[in-house]
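Morning, everyone. Please pull up the model on your screens. I'll start with the ligand and finish with the aromatic rings.

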Amino acid sequence: MLSFDLPYFDQIIERLEGDPDSVLAEAFRRHVHWGCFEDPAGADDSLGSYMAAAENLTRRISGAGRTGEGTAVLDVGCGFGGTIAHLNETLEGRELTGLNIDGRQLARARELVRAVSGNTVDFVEGDACELPFEDARFDVVLAVECIFHFPSRKQFFREAARVLRPGGRLALSDFVLAPGALEPYVAWTKSGEISESEFYGTNKVPVTSAAYERVARGSGLEVLLDEDITPNTLPTYPAMRRLYREAGLPDGEQATTFLEEVARRGWVQYRILSFAKPAG
Ligand SMILES: C[S@@+](CC[C@H](N)C(=O)[O-])C[C@H]1O[C@@H](n2cnc3c(N)ncnc32)[C@H](O)[C@@H]1O
């Protein structure tokens with residue numbers, strides 16, 4: 001039995017099941033991740049803007065992994081299957097696999113995604129740090145906004161490198177620590193100015209881009225891309241707060257306020273990173 005601690009998913013799933021016509025159910029029907037707003041200055045906190053931006057984030061990470069060039073794609077930490085749905089709608093003749101530690105999310109994903117255009121779609125229960133696949137099985141591995149939940153970033157990289165074919169790519173997004181930010185970030189967190197609610201679970205401490213490069217190199221991967229998209233994600237925060245307020249989830253509002261503050265102070269950046277396994 002796999003164990004996990006995802007309080008926000010417990011609450012979201014409870015609301016989705018209890019009130020499938022609610023705004024929250026609509027917002028998280030496909031994706032449960034931040035939005036990437038192409039015009040952040042002109043963005044508002046509406047549901048429509050957020051959902052378009054959430055889809056756009058998927059598009060950007062899929063582009064970073066060059067999914068269009070691969071046959072077999074694995075989406076680790078696949079949530080309700082939104083990224084697999086996006087790939088299924090935009091690619092043809094691909095083998096698309098989503099993996100998640102939470103069987104409840106996989107049940108929704110299987111409902112959401114029906115394979116089209118000669119694609120195959122499979123959803124598998126498992127842990128990102130013990131991938132249940134043979135070596136060199138995939139051309140692309142994606143991990144959209146989930147690596148901070150995994151038991152170990154290093155072990156996930158080892159596993160991703162193992163299941164990638166030579167020439168394959170890993171692409172992900174994460175909350176990345178800015179250089180020199182650890183001390184002020186930790187001091188401010190301890191000050192309790194805004195207390196860190198447990199809504200998003202107990203997560204790994206953010207690491208820097210330099211640490212990512214070291215972990216990648218240690219797993220035999222090379223950095224292809226490391227892009228700071230923080231400004232494009234900032235409109236997510238008011239949109240998320242409004243959603244949680246309307247859904248009666250004050251913990252969600254507070255946890256989002258905390259994350260917004262560390263982003264606006266420049267300590268934690270939202271980055272898209274991609275890596276290549278050398279062709280051999
Ligand atoms: C913020 S959600 C992102 C979901 C999805 N990638 C998306 O973008 O909509 C984080 C996801 O990581 C998954 N997760 C957490 N720990 C995991 C683990 N050890 N192995 C696989 N998935 C995990 C959660 O169940 C959840 O679906």
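The ligand sits in the second largest pocket. Keep in mind that this is a predicted model.

Who surrounds the ligand? The shell has 22 residues. The closest are V32, H33, G77, N100 and Q105. Break the shell down by class: twelve residues are nonpolar, eight are polar and two are charged. Now look at the secondary structure. Helix α1, residues 7-18, supplies at least two residues of that shell. Strand β2, residues 95-100, also supplies at least two.

On to the polar contacts. Take the oxygen side first. An oxygen atom of the ligand lies 2.8 Å from a backbone N or O atom of V32. Then nitrogen. D127 places a side-chain N or O atom 3.1 Å from a nitrogen atom of the ligand. For A128, the partner is a polar backbone atom, 2.9 Å from a ligand nitrogen.

How much of the ligand does the protein bury? Taken alone, the ligand exposes 590 Å². The protein buries 98% of that.

Last topic: aromatic rings. The count comes to 20 aromatic pairs. One of them is Y8 with Y200. Is that pair stacked or edge-to-face? Edge-to-face, with 70° between the planes. Centre to centre, the rings are 5.1 Å apart.

And where do the two partners sit along the chain? Y8 is in helix α1. Y200 is in the loop between α7 (182-191) and α8 (209-218). That puts them 192 residues apart, so to speak at distant parts of the chain, linked by this pair.

Helix α1 has now come up twice: it supplies residues to the ligand shell, and it holds Y8 of the aromatic pair.

Key:
Residues are numbered from 1 along each chain as its sequence is written. This is a predicted model: local features need pLDDT of at least 70, side-chain atom pairs count only at pLDDT 80 or more; totals for chains, interfaces and linings use all residues. Side-chain values use heavy atoms; hydrogens and water are left out. A residue is near a molecule or strand if one of its heavy atoms lies within 4 Å of it. A polar contact is a pair of N or O atoms within 3.5 Å; within protein, one must be able to donate a hydrogen and the other to accept it, and residues adjacent in sequence count only if both atoms are side-chain atoms. Accessible areas come from the Shrake-Rupley method with a 1.4 Å probe; for residues, only the protein chains shown count as cover. On a 1 Å grid over the protein atoms alone, a cavity is a set of points where a 1.4 Å probe fits but cannot get out, and a pocket is an open set with protein on both sides within 12 Å along at least five of seven lines; lining residues have an atom within 4 Å of a point. A molecule sits in a cavity or pocket if more than half of its atoms lie within 2 Å of its grid points. Helices (H or I, at least four residues) and strands (E, at least two) are DSSP runs, numbered from the N terminus. Ala, Val, Leu, Ile, Met, Phe, Trp, Tyr, Cys and Pro count as nonpolar, Asp, Glu, Lys and Arg as charged, and the others, Gly among them, as polar. Rings of Phe, Tyr and Trp (its six-membered ring) pair if their centres lie within 6.5 Å; planes under 30 degrees apart count as stacked, over 60 as edge-to-face and the rest as tilted.
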